[in-house]
Amino acid sequence: MFLQPSVAHAESAAGEILEDDLRGHIEILASDGFAGRKPGTIGENKTVHYIATEWRKAGLQPAAGADSWYAPVALVDRTSLSESFAFQYDNGKRVKSVRIDDDQLLLRGAKPISSLSNIPLVHLGYGNQTVEEMEPVISGKLALMFLSSRPGVNGFPGYRERKANVIAAGASGVITVIKSESRFARAARRFRTANTSLDGEGKHADMEGIIGWKAVTKLLRKVDLDAEDLRDEAKSEIFQPLLLDIYADLSAETQVRSYVSHNVIGKIAGRDPASGAVLFLGHWDHLGECGPKNADDRICNGAVDNASGISLLIETAKRLTDGKSDRDIYFLATTAEESGLLGARAFAENPSFQIDRLVAVFNADTVALAPNGKLIAVVGRGETDLDEDLEKVAAAHDRKIDKTDKANAFIKRQDAYVFLERNIPAFMITSAFSDQKRLDSYLEGRYHDASDELDDQLLLGGAVDDANFHVALGRYFGNVETYKAKNAPNSAANSAGD
């Protein structure tokens with residue numbers, strides 16, 4: 001149970017954001033007392049209550065629904081413990097078995113003990129068909145699907161979306177084909193650790209797994225199919241799911257833990273909510289204890305990733321609660337970003353306000369890496385029609401934007417991508433990603449390590465610049481005189497409450 005911040009008192013801060021403002025929040029959020037901010041732990045309880053309390057003191061209203069700051073997110077951790085499997089095929093004379101090496105197929109179930117018997121296999125290629133197209137052939141069967149996206153097709157859905165469609169079409173199992181031996185080896189190592197995902201009806205097949213290229217080649221050869229040829233054919237627009245004369249008996253033992261985590265959502269009411277809304281977000285979660293078992297310090301505090309981003313959101317919120325915004329301004333602190341943007345995905349699937357009202361979204365993540373005066377890197381540059389507006393805000397505040405677009409290498413690895421997938425303009429803006437050498441040093445060193453904590457290596461000059469720039473973005477996109485949104489709603493009906 002979480003305490004709801006109760007005292008109706010606004011402490012709106014005036015003036016520019018300073019290093020001490022950010023450092024104060026990071027010192028608390030990245031302290032050992034918060035235990036690495038892992039979802040589903042006492043560290044989460046402390047973290048979400050701290051964020052809600054700070055936003056309440058700044059003058060925000062709770063916006064998760066029913067006068068609450070906290071939006072529940074159902075999560076499940078599944079750890080593959082063991083599996084057994086057998087395959088048979090019909091050669092026209094009698095059923096024969098196919099031997100697959102134990103290290104070429106790993107399985108996990110939706111339940112602690114899961115099994116499928118004599119289930120037919122269907123090869124879906126890349127799984128690029130619609131749910132309606134797949135349902136007649138895949139419902140109640142076992143799907144084989146390539147991991148990688150079909151090359152050369154703009155807008156082709158990613159693996160997560162394709163897998164969700166296969167499950168929605170009624171597949172009893174989904175086995176992902178991984179061609180690269182090194183990539184399969186990495187996936188296999190991860191498969192034996194806890195996998196966190198969204199929980200709920202229809203989120204998982206009864207059986208899910210990964211299979212290596214050698215095993216798939218052997219299976220297909222038994223029914224006179226060539227794996228390489230099938231992979232090439234699957235790239236075609238006219239490829240259709242292929243029912244195979246192969247049947248499987250599968251069983252898996254899986255450690256399953258279901259629990260509820262929380263997003264935190266606050267709101268600054270605008271003077272003209274019918275004109276749309278702006279959203280600032282960042283993830284509050286980190287990894288908990290992730291150091292080696294025999295290490296002196298096992299807590300991964302996540303000072304940079306992402307106590308720094310949350311500190312930016314808290315201080316930005318304080319500067320925007322002065323009643324000068326036409327549009328509603330929302331603040332969202334997400335859970336389980338580290339597990340695949342899960343909190344952001346849960347919010348987008350079940351938002352507490354109409355997200356088609358959003359004219360712009362800004363994600364704050366990993367901002368404490370650069371000194372002041374650095375270029376601004378824009379993750380999402382070139383993906384929307386707001387680039388000129390960002391340039392205008394930058395010029396007005398003596399900032400320059402990095403034009404190399406190198407930062408877009410991270411576009412799918414941060415929460416704003418969930419909104420881009422829904423054609424909502426969304427960005428991650430940070431000077432930390434404009435200094436490639438410094439960024440690489442962090443990613444190769446302190447990133448996701450117990451050493452990511454508040455010390456003299458934490459650089460807050462760039463974070464201060466970025467925080468004040470986010471205030472400027474809130475001013476610009478929050479007002480109809482400075483930004484006349486192309487996608488803004490034009491009826492009061494669209495401003496329905498939280």
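Here are some short exercises on this predicted model, each with a worked solution.

Residues are numbered from 1 along each chain as its sequence is written, and side-chain values use heavy atoms, with hydrogens and water left out. Because the model is predicted, local features need pLDDT of at least 70 and side-chain atom pairs count only at pLDDT 80 or more, while totals for chains, interfaces and linings use all residues.

**Exercise 1. Strand 6 and its neighbours**

Task: Work out how many residues of strand 6 are buried, and which strands pair with strand 6.

Solution:
- Start with the terms. Strands (E, at least two residues) and helices (H or I, at least four) are DSSP runs, numbered from the N terminus. Buried means under 20% relative accessible area, exposed means over 50%, and partly exposed is in between (1.4 Å probe, protein chains only).
- Now count. In strand 6 (residues 142-146), 5 of the 5 residues are buried, so the strand is largely enclosed by the rest of the structure.
- Next, look at the two faces. In a regular strand the side chains alternate between the two faces of the sheet. Here L142, L144 and F146 are buried on one side, and A143 and M145 are buried on the other.
- Then find the partners; two strands pair if DSSP finds at least two bridges between them. Strand 5 (residues 113-123) runs parallel to strand 6, with 3 bridges joining them, and V122 has A143 as its bridge partner.
- Strand 7 (residues 173-178) also pairs with strand 6 in the parallel sense, over 5 bridges. There, L144 stands opposite I175.

**Exercise 2. Following the salt bridges**

Task: Say how many salt bridges there are, then find out which parts of the chain D77 and E83 tie together with their partners.

Solution:
- First, the idea: side chains of opposite charge can pair when their charged atoms come close. The rule used here asks for a side-chain nitrogen of Lys or Arg within 4 Å of a carboxyl oxygen of Asp or Glu.
- By that rule, the count is 26 salt bridges.
- Take D77. Its salt bridge is with R257, and the closest N and O atoms are 3.5 Å apart. D77 sits in strand 2 (residues 70-90) and R257 in strand 10 (residues 242-268), so the pair ties together parts that are 180 residues apart in sequence. D77 is buried at 11% relative accessibility, whereas R257 is partly exposed at 35%.
- Move on to E83. This residue forms a salt bridge with R192, with 2.7 Å between the closest N and O atoms. E83 is in strand 2 and R192 is in the loop between helix 5 and strand 8 (195-198), so this pair ties together parts 109 residues apart in sequence. E83 is buried, with a relative accessible area of 19%, while R192 is partly exposed at 34%.
- One further pair is D232 with K235, whose closest N and O atoms are 3.6 Å apart. D232 is partly exposed at 42%, and K235 is partly exposed at 31%.
- Finally, salt bridges that share partners join D21, E315, K318 and R319 into one network.

**Exercise 3. A patch of charge**

Task: Name the residues that gather in a patch of positive charge on the surface, and decide whether R190 is buried or exposed.

Solution:
- The patch holds R183, R186, R189 and R190.
- R190 belongs to helix 5 (residues 181-191).
- With 54% relative accessibility, R190 counts as exposed.

**Exercise 4. Helix 8 and some unusual angles**

Task: Find out how far I314 is from A467 in space, which peptide bond is cis, and what sign phi has at N118 and L341.

Solution:
- I314 lies in helix 8 (residues 303-319) and is buried, at 0% relative accessibility. I314 and A467 are 153 residues apart in sequence but 9.6 Å apart in space, C-alpha to C-alpha.
- Helix 8 also holds N306. The peptide bond from D305 to N306 is cis, with omega near 10°.
- For context, most residues other than glycine have a negative phi, and most peptide bonds are trans.
- N118, found in strand 5, has a positive phi near 50°.
- L341 has a positive phi too, near 60°. This residue is in the loop between strand 14 (328-334) and helix 9 (342-349), and L341 is buried at 4% relative accessibility.

How values were computed
Patches are made of residues with over 30% relative accessible area and no salt bridge: like charges are joined within 9 Å, nonpolar side chains (Val, Leu, Ile, Met, Phe, Trp, Tyr) within 5 Å. Accessible areas come from the Shrake-Rupley method with a 1.4 Å probe; for residues, only the protein chains shown count as cover. Lys and Arg count as positive and Asp and Glu as negative; His and the chain ends are not counted. The place of a charge is taken as NZ of Lys, CZ of Arg, CG of Asp or CD of Glu.
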